[in-house]
Amino acid sequence: MRLSGRVAVVTGAASGIGHACAQLFANAGARVLAVDLPGRNLGSVHKMQGTISLLEIDVSAEGAAAKIIEAATKSHGQLDIVMNNAGMASNALAEEMTREVWDRTLAVNLTAPFLICQQAIPFLKKSRAGRIINVASVMADGTDYGLSAYCASKAGVAGLTRTLALELGKFNVTANYLLPGAIRTGMTRPLWEARPDIADIWAKKSALRRLGEPQDLARAALFLASDDGAFVTGHGLNVDGGLMLRV
Ligand SMILES: NC(=O)c1ccc[n+]([C@@H]2O[C@H](COP(=O)([O-])OP(=O)(O)OC[C@H]3O[C@@H](n4cnc5c(N)ncnc54)[C@H](O)[C@@H]3O)[C@@H](O)[C@H]2O)c1
C-alpha cells in the first residue's frame with residue numbers, strides 16, 4: 001500500500017500504459033481518477049476497481065484541465081499525484097505535415113499536460129508528497145522519419161517537466177518524466193500485429209531483447225509516485241529495456 005491515502009489523476013487510462021498505471025496505483029492504495037476520451041470504454045476496463053473514478057473527456061478540449069482537476073479534488077479537496085500519460089502518435093514528413101496534424105499533436109501531447117499541471121499545482125503544493133509524472137518517449141531524445149511533431153511534443157514534455165521540478169521543489173513537489181521504449185499497447189499493437197517483423201526489430205534492438213509491457217512502465221511510475229522516489233526530481237527515466245544504449 002505504497003500510495004495509501006493519496007489521490008491520483010491518470011490520463012489516457014483506458015488503454016496501455018495509463019490503464020496499467022491506474023490499476024497499479026489503485027492496488028497500491030490510491031484513489032484514482034482515470035481520464036480518457038469518450039467512447040473508449042473506460043468503465044468496463046476499470047470496473048473491478050472501487051477506488052477508481054472515471055472521467056470521459058478530451059484532455060486537449062477547452063477547459064478540460066480545470067474539469068479534470070475539479071473532478072479529482074471534489075470529494076476530498078486533495079490531489080497528490082498527476083500522471084499525464086494520454087498521448088497520440090502522428091507520422092508525416094515535415095515537408096508534408098499539415099498544420100492541423102502539427103497543432104493536434106502538440107495540443108494533446110504537450111499543451112494539455114502543461115495546463116493540467118498548472119491547474120494541479122495549488123493542490124500539489126498542499127500535498128505531503130506532491131508528484132508530477134509526465135510520459136514522454138525515447139523519441140524525446142532520438143527521432144525517426146515522420147516524427148517531427150511527435151518528437152517536438154515529447155522533447156517539450158521533457159523541458160516542461162524539468163522546469164516544473166525546479167519551480168516546485170521548494171514545495172516538496174517532484175516532477176519527473178518517463179521515456180518509454182517500444183511498448184506493446186493500443187498505440188503499437190495494430191502495426192505490430194500486421195507486421196510482426198517490425199515488432200521483432202524493436203525487440204532485438206533493446207539490450208533486454210524484448211518488447212516492453214505496460215506493467216514495466218507502471219512499476220517505474222509507482223516508484224516515482226511513492227515515497228521511494230521522494231528525492232528524485234527533474235529526471236527523465238528511460239523504461240526501454242536498453243533500447244537507446246547503442247549509438
Ligand atoms: N507504446 C509505446 O511504444 C510508447 C512509446 C513511447 C511513448 N509512449 C507514450 O505513452 C503514452 C501512452 O500511450 P500508450 O502506448 O499506452 O498508447 P494507448 O493508445 O494504449 O493509450 C493511450 C490512451 O490515451 C488516450 N488518449 C489519446 N488522446 C487523448 C485525448 N486527447 N484525451 C484523452 N485521452 C486521450 C487514448 O484514448 C488511449 O486510451 C503516450 O503519451 C505515448 O506517446 C508510448
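**Exercise 1.** In this predicted model, determine the handedness with which α3 passes α4, and classify the orientation of these two helices.

*Solution.* Step 1: the crossing in which α3 passes α4 is right-handed. Step 2: the axes of helix α3 (residues 64-73) and α4 come within 8 Å and cross at roughly 40°. Step 3: angles under 35 degrees count as roughly parallel, and 65 to 115 as roughly perpendicular. Step 4: α3 and α4 are therefore oblique to each other.

**Exercise 2.** Classify the orientation of α4 and α5 in the same way.

*Solution.* Step 1: helix α5 (residues 148-168) packs with α4 at an angle of about 15°, the axes being 9 Å apart. Step 2: this angle makes α4 roughly parallel to α5, since angles under 35 degrees count as such. Step 3: as to handedness, α4 passes α5 in a right-handed crossing.

**Exercise 3.** Test whether the length of helix α4 agrees with the rise expected for its residues, and locate its kink.

*Solution.* Step 1: helix α4 covers residues 99-126, which is 28 residues. Step 2: the expected span is 1.5 Å times one less than the number of residues, so α4 should span 40 Å. Step 3: the end C-alpha atoms of α4 are 40 Å apart, which agrees. Step 4: a kink of about 50° lies at Ala-120, shortly before the proline Pro-122.

**Exercise 4.** Describe the surroundings of the ligand, and then the packing of the helix that gives the most to them.

*Solution.* Step 1: the ligand is surrounded by 27 residues, of which Gly-12, Gly-16, Gly-87, Thr-185 and Gly-186 are the closest. Step 2: sorted by class, this shell holds 12 nonpolar, 12 polar and three charged residues. Step 3: the most is given by helix α1 (residues 16-27), with three residues. Step 4: the axes of α1 and helix α8 (residues 214-225) come within 8 Å and cross at roughly 50°. Step 5: α1 and α8 are therefore oblique to each other, and their crossing is right-handed.

Terms used. Residues numbered from 1 in each chain as written. Predicted model: local features only at pLDDT ≥ 70, side-chain atom pairs only at ≥ 80, totals over all residues. Helix = DSSP H or I, 4+ residues; strand = E, 2+ residues; numbered from the N terminus. Bend = angle between axes of the 7 residues up to and from the residue. Near = placed C-beta within 6 Å. Nonpolar A, V, L, I, M, F, W, Y, C, P; charged D, E, K, R; others polar. Axes fitted to C-alpha atoms, helices over the stretch in contact; angles between N-to-C directions. Parallel < 35°, antiparallel > 145°, perpendicular 65-115°, else oblique. Left-handed = near helix turned anticlockwise from the far one by under 90°.
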